Amino acid sequence: LSDPGARLVDYVRQKKIDVIPVPGPSAVTSALSVSGFPGRSFYFAGFLPSKSSERKERLKQLSSVDTVLVLYEAPHRLMKTLADILSVMGNRRIFFAKEMTKSHETYLSTTVARLLEKLDGEKILGEITMVMEGSHEKEEYPADMEALKKIITCLVSEHKLSVKEASATLSGLMGIKRGIVYNMALQIRGK
């Protein structure tokens with residue numbers, strides 16, 4: 001995982017050559033070894049919650065993880081989970097591995113949206129492991145912090161929005177991570 005093999009796997013897969021793992025003790029390491037994603041580090045999230053609202057909340061938490069993510073999913077929830085990933089985390093690169101090392105093994109390296117299209121209408125059976133790229137978002141603060149503080153003060157103090165409402169509004173309008181705005185709003189409200 002930590003050698004330059006990821007670059008070789010990615011290159012070979014771009015040339016439309018199949019790459020399959022040698023059976024190992026774990027679906028995580030087998031999938032990672034042929035995913036084409038760098039193996040310097042990864043975050044194993046396991047199975048996501050089965051309820052959509054809980055799953056979306058977990059995906060929000062995972063959306064800022066900046067390393068490769070590995071997930072397991074049950075066949076009957078796969079399409080709903082992929083739709084939730086797309087809506088919460090965006091159209092990230094994903095490696096889909098089903099029934100690894102078995103006679104009907106399937107490997108797809110694509111994006112979440114394309115995987116949804118590809119699997120639409122198909123009967124999905126078997127063990128599923130997904131490897132997904134991490135966040136590319138930076139945790140940097142915006143350049144004009146004073147203007148942002150004034151807007152937060154106005155929304156929280158004068159317009160009586162909750163910290164959560166103000167954070168969601170500014171995050172969506174300005175493209176700033178909600179956590180950054182939320183922490184600033186808490187500091188302002190505390191003054």
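Here a visitor and a guide talk through a sheet, a ring pair and a helix in a predicted model.

Visitor: Happy to be here! What is the strand order of the open sheet?
Guide: Welcome! The sheet has five strands with mixed pairing. Its edge strands are β1 (42–47) and β4 (106–111), each of which pairs on one side only. Reading across the sheet, the order is β1-β2-β5-β3-β4.

Visitor: By how many degrees are neighbouring strands of this sheet turned against each other on average?
Guide: This figure is an average over neighbouring strands, and it ignores direction. The value is 15 degrees.

Visitor: Which residue in β2 is the bridge partner of Gly46?
Guide: Strand β1 runs parallel to β2 (residues 68–73), and five bridges join the two. For Gly46, the partner in β2 is Leu71.

Visitor: I like ring geometry. What kind of aromatic pair do Phe44 and Tyr72 form?
Guide: Good choice, as the structure holds three aromatic pairs. In general, one describes such a pair by the distance of the centres and the angle of the planes. For Phe44 and Tyr72 the centres are 5.0 Å apart and the planes make an angle of 70 degrees. Planes over 60 degrees apart count as edge-to-face, so this pair is edge-to-face.

Visitor: How many residues apart in sequence are the parts that this pair ties together?
Guide: Phe44 belongs to strand β1, whereas Tyr72 belongs to strand β2. Ring pairs also link Phe44 and Tyr72 with Phe47 into a cluster. The parts tied together by Phe44 and Tyr72 are separated in sequence by 28 residues.

Visitor: Which of the two, Phe44 or Tyr72, is buried?
Guide: The relative accessible area of Phe44 is 38%, so Phe44 is partly exposed. For Tyr72 the relative accessible area is 18%. Buried means under 20%, so the buried one is Tyr72.

Visitor: Now to helix α3. Is Arg55 buried or exposed?
Guide: Arg55 is found in helix α3, which spans residues 52–62. Its contacts, leaving aside residues up to four places away in sequence, include Arg77, Lys80 and Asp84. With a relative accessibility of 2%, Arg55 counts as buried.

Visitor: Which residue has its backbone oxygen 3.3 Å from a polar atom of the Arg55 side chain?
Guide: Leu48, Pro49 and Ser50 are among the residues that Arg55 touches. The backbone oxygen at 3.3 Å belongs to Pro49.

Visitor: What arc do the buried residues Arg55, Leu59 and Leu62 cover around the axis of α3?
Guide: Arg55, Leu59 and Leu62 are buried in α3. What covers the buried residues of this helix includes β1, β2 and α4 (78–89). The three lie on the same side of α3, because their arc is only 60 degrees.

How values were computed:
Residues are numbered from 1 along each chain as its sequence is written. This is a predicted model: local features need pLDDT of at least 70, side-chain atom pairs count only at pLDDT 80 or more; totals for chains, interfaces and linings use all residues. Side-chain values use heavy atoms; hydrogens and water are left out. Helices (H or I, at least four residues) and strands (E, at least two) are DSSP runs, numbered from the N terminus. Buried means under 20% relative accessible area, exposed over 50%, partly exposed in between (1.4 Å probe, protein chains only). A polar contact is a pair of N or O atoms within 3.5 Å; within protein, one must be able to donate a hydrogen and the other to accept it, and residues adjacent in sequence count only if both atoms are side-chain atoms. Contact means heavy atoms within 4.5 Å. Two strands pair if DSSP finds at least two bridges between them. Axes are lines fitted to C-alpha atoms, for helices over the stretch in contact, and angles run from 0 to 180 degrees between N-to-C directions. Rings of Phe, Tyr and Trp (its six-membered ring) pair if their centres lie within 6.5 Å; planes under 30 degrees apart count as stacked, over 60 as edge-to-face and the rest as tilted. The arc is that of the directions from the helix axis to the C-beta atoms.
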